[in-house]
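Trainee: I would like to go through this structure with you. Could we take it topic by topic?

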Number of protein chains: 2
Amino acid sequence: MRVLVIGGDGYCGWATALHLSNRGYEVGILDNLIRRHWDAQLGADTLTPIAPIQQRLQRWKDLTGKHIDLYIGDITDYAFLSKSLRQFEPDTIVHFGEQRSAPFSMIDREHAVMTQVNNVVGTLNILYAMKEDFPDAHLVKLGTMGEYGTPNIDIEEGYITIEHNGRKDTLPYPKQPGSMYHLSKVHDSHNIHFACRIWGLRATDLNQGVVYGVLTDETGMDEMLINRLDYDGVFGTALNRFCIQAAISHPLTVYGKGGQTRGFLDIRDTVRCMELAIANPANSGEFRVFNQFTELFSINDLALKVKQAGISLGIDVEINNLENPRIELEEHYFNAKNTKLLDLGLEPHYLSDSLLDSLLNFSIKYKDRVDMNHILPKVTWKR
Amino acid sequence: MRVLVIGGDGYCGWATALHLSNRGYEVGILDNLIRRHWDAQLGADTLTPIAPIQQRLQRWKDLTGKHIDLYIGDITDYAFLSKSLRQFEPDTIVHFGEQRSAPFSMIDREHAVMTQVNNVVGTLNILYAMKEDFPDAHLVKLGTMGEYGTPNIDIEEGYITIEHNGRKDTLPYPKQPGSMYHLSKVHDSHNIHFACRIWGLRATDLNQGVVYGVLTDETGMDEMLINRLDYDGVFGTALNRFCIQAAISHPLTVYGKGGQTRGFLDIRDTVRCMELAIANPANSGEFRVFNQFTELFSINDLALKVKQAGISLGIDVEINNLENPRIELEEHYFNAKNTKLLDLGLEPHYLSDSLLDSLLNFSIKYKDRVDMNHILPKVTWKR
């Protein structure tokens with residue numbers, strides 16, 4: 001089985017590519033490396049020093065004997081995308097290749113427009129390339145739990161059965177995304193759904209929660225294979241950021257009241273979920289949606305867990321409630337379903353077990369690399 | 001009250017601009033005139049010969065003494081948009097300025113990408129320009145009934161109250177659009193909803209049905225003010241197309257079984273709906289959705305009505321069921337609500353009254369201009 005991982009140089013993409021390669025899949029990585037460029041523009045950097053993609057892949061081959069093809073270029077360039085696909089001939093296309101930061105998309109109009117155009121056009125190009133040359137391939141696309149927003153009813157996996165005025169239908173779950181980035185994922189979902197309905201393509205949309213952790217079996221094999229770990233106000237996600245703040249004795253930056261509840265998962269479960277989705281493809285014409293998270297936590301829950309973990313390592317962790325730079329409900333109902341991946345065989349890593357080994361210890365090991373200028377949020381939703 | 005009509009050189013936009021000007025609004029038109037260029041590229045033309053926008057506006061002034069400002073440029077060019085808005089200082093922004101043909105968007109990948117980028121970026125630019133300089137202005141945006149698709153439950157106006165597992169919430173109505181164009185409108189709706197929630201903008205989304213007719217009080221005043229009437233397979237909508245086919249004794253082109261049911265309205269009601277939405281603005285922070293149509297018909301209903309109207313004019317009208325170039329349900333449940341504009345005072349023109357005077361007679365008058373090459377559909381959804 002040949003799997004092309006678009007965005008394979010990124011946080012989830014790199015871990016996924018190595019995991020699949022390790023499991024015997026023939027893997028290719030397609031990436032424009034733009035994330036490294038955006039880091040440079042923001043003056044931010046991953047806590048863990050990541051090697052150039054070419055060196056990463058060489059080390060992987062030296063260690064395991066497994067070769068990963070590399071295609072460097074941009075999927076918004078259709079000619080490049082089409083040529084690369086024809087060369088690699090994928091059975092599965094894993095698509096992580098999008099601008100994935102909510103704050104980045106909210107910096108200003110230019111970043112909002114760039115995020116939506118980049119993500120929507122990239123995904124449209126993949127859909128057209130599949131229709132043209134690989135109509136039977138399986139698209140495994142990274143969505144986000146943030147597409148749903150925080151409705152006052154249970155969140156189902158992609159669809160909801162509605163009874164209304166004596167009639168019934170199962171329809172796409174209503175979406176109330178909370179940033180220009182999250183909106184781009186909603187646009188993608190509608191576009192992919194349409195392509196499946198009209199052209200008979202097969203796709204799985206993985207509405208992923210917030211991923212934490214830096215260690216997988218593969219990225220832990222060698223320093224040169226280490227995964228990125230972002231802690232800055234733009235690309236750093238809540239739990240990773242908190243652990244790094246704890247490591248440098250900076251108060252944890254809880255936005256607002258901290259009652260915001262979200263789905264979370266360990267990056268070891270991300271790579272396993274990708275494997276499960278690939279091994280159990282959607283049917284032709286099916287737009288399948290899985291909610292990809294293992295546990296629900298409020299931001300306050302997370303901060304307290306990091307504080308406790310800190311104590312066990314002898315670190316005193318303070319918690320600060322900052323003015324929320326985002327506009328979002330800070331106290332709300334949140335109950336999302338996540339049974340479909342469990343049904344396929346996912347055995348979750350739980351946060352309590354993973355926090356120390358996969359995250360806090362890494363944060364401490366590399367804490368001298370922290371740039372204090374990037375700890376606090378700079379992007380606000382209001383202006 | 002100052003109203004800027006973006007897309008004011010088009011079918012709905014031109015009629016709306018003149019109507020508002022006639023009613024005493026201070027009107028500006030902003031348009032990049034691209035629709036005339038697309039016609040040229042397709043080798044298609046409106047049945048009714050339309051004058052250049054500059055001559056149209058000069059004649060309007062000569063006839064009524066009313067001046068309409070003209071801004072020629074593209075709203076995807078933010079600098080131009082922002083400058084024009086600052087110059088005109090609108091209280092209301094009416095936004096018709098999008099690529100509005102489903103078949104056009106389905107020609108190929110390039111047209112799909114262009115349609116989505118053009119429509120999404122244009123609307124995003126308007127939202128950012130409003131946030132920046134006109135946070136209290138009212139955006140009146142043309143949506144489409146096609147955003148809903150054909151669900152098996154009643155279609156509400158923008159939102160639906162869902163009871164689920166013992167809890168209840170009112171959420172955006174689920175969307176299942178049927179073309180790359182209709183998808184772009186769904187993307188817009190999500191983006192505008194977000195801007196209202198986050199920045200407190202006020203917006204009304206008019207989910208319009210299929211518009212028919214060529215005559216309004218204003219466009220009928222003078223030959224130089226005549227509105228466009230499209231009959232080609234790309235820009236011609238069902239009823240307009242049927243009337244022109246009847247006028248030239250071409251069989252009516254019903255796609256597939258003809259059981260496709262949609263909402264329809266007379267262009268005289270379009271302009272009145274715009275006026276009602278403008279005179280009764282949305283609240284700050286509100287994303288208001290009206291379903292803008294007056295009657296539901298199946299395509300077979302329409303074909304039969306045109307056939308009957310033809311008989312009364314002594315024309316023998318044949319009906320042909322073509323292979324459907326689109327992919328859509330040809331027999332389905334369809335019951336959409338449309339009470340909100342009626343509550344504001346809309347008094348509908350019904351099709352039975354309008355068919356002859358506003359449409360079939362125009363078709364006959366200009367039938368020598370019909371280009372037979374454009375009668376049949378050339379764009380298919382499958383390839």
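**Burial, symmetry and ring contacts**

Mentor: Asp39(A) has a relative accessibility of 3%, so it counts as buried. Please bear in mind that this is a predicted model.

Trainee: Which element holds Asp39(A)?

Mentor: Asp39(A) belongs to helix H2 of chain A, which covers residues 34–42.

Trainee: And what does Asp39(A) touch, beyond residues up to four places away in sequence?

Mentor: Its contacts are Ala44(A), Asp45(A), Thr46(A), Arg228(A) and Phe235(A). In addition, the C-alpha atoms of Asp39(A) and Asp230(A) are 9.9 Å apart, although 191 residues separate the two along the chain.

Trainee: Phe235(A) is on that list. Which aromatic cluster does Phe235(A) belong to?

Mentor: Phe235(A) forms one aromatic cluster with Trp38(A) and Phe104(A).

Trainee: How many aromatic pairs are there over all chains?

Mentor: The structure holds 16. One of them joins Tyr71(A) and Phe88(A) edge-to-face, with 6.2 Å centre to centre and 80° between the planes. Tyr71(A) lies in strand S3 (residues 69–72) and Phe88(A) in helix H4 (residues 78–88), both of chain A, so this pair ties together parts that are 17 residues apart in sequence.

Trainee: Are Tyr71(A) and Phe88(A) buried or exposed?

Mentor: Both are buried. A stacked pair is found in chain B: Phe362(B) and Tyr366(B) are 6.4 Å apart centre to centre, with 20° between the planes. Phe362(B) and Tyr366(B) are buried as well.

Trainee: What about charges over rings? Where does the charged end of Arg2(B) sit?

Mentor: It sits over the ring of Phe88(B), 4.3 Å from the ring centre. In chain A, Arg56(A) lies over the face of Trp14(A), at 4.2 Å from the centre of that ring.

Trainee: Changing topic: how does chain B relate to chain A?

Mentor: A turn of 180° with a shift of 0.0 Å along the axis lays chain B on chain A, and the RMSD is 0.0 Å. The two copies are therefore related as by a two-fold rotation axis. The same surface serves both copies, as 100% of the contact residues of chain B recur in chain A.

Trainee: Which residues have the most contacts inside the largest nonpolar core?

Mentor: They are Met180(A) and Met180(B), in a core of 112 residues. Leaving aside neighbours within four places in sequence, Met180(A) contacts Ser105(A), Met106(A), Ala112(A) and Gln116(A) in chain A, and Leu124(B), Tyr128(B), Phe194(B) and Trp199(B) in chain B.

Trainee: And the overall make-up of chain A: how many helices and strands?

Mentor: Chain A has 12 helices and 14 strands. Its radius of gyration is 20 Å, close to the 21 Å that the globule rule gives for 383 residues, so chain A is as compact as a globular protein of that length. The C-alpha trace spans about 65 × 55 × 40 Å along its principal axes.

Trainee: What share of its residues counts as buried?

Mentor: Of the 383 residues of chain A, 63% are buried. Among contacts in chain A with a separation of 6 or more, 81% come from residues 24 or more positions apart.

Trainee: One last residue: what is the status of Ile364(A)?

Mentor: Ile364(A) counts as partly exposed, because its relative accessibility is 28%. It lies in helix H12 (residues 351–365) of chain A. Beyond residues up to four places away in sequence, Ile364(A) touches Ala247(A), Leu313(A) and Ile315(A).

Conventions:
Residues are numbered from 1 along each chain as its sequence is written. Chains are lettered from A and ligands numbered from 1 in the order in which they are written. This is a predicted model: local features need pLDDT of at least 70, side-chain atom pairs count only at pLDDT 80 or more; totals for chains, interfaces and linings use all residues. Side-chain values use heavy atoms; hydrogens and water are left out. Copies are superposed by least squares on the C-alpha atoms of residues with pLDDT of at least 70 in both. Contact means heavy atoms within 4.5 Å. Rings of Phe, Tyr and Trp (its six-membered ring) pair if their centres lie within 6.5 Å; planes under 30 degrees apart count as stacked, over 60 as edge-to-face and the rest as tilted. Helices (H or I, at least four residues) and strands (E, at least two) are DSSP runs, numbered from the N terminus. Buried means under 20% relative accessible area, exposed over 50%, partly exposed in between (1.4 Å probe, protein chains only). A charge sits over a ring if NZ of Lys or CZ of Arg is within 6 Å of the ring centre and within 35 degrees of the ring normal. A nonpolar core is a set of buried Ala, Val, Leu, Ile, Met, Phe, Trp, Tyr and Cys residues joined through side-chain atoms within 4.5 Å. The radius of gyration is taken over C-alpha atoms; the globule rule is 2.2 Å times the number of residues to the power 0.38.
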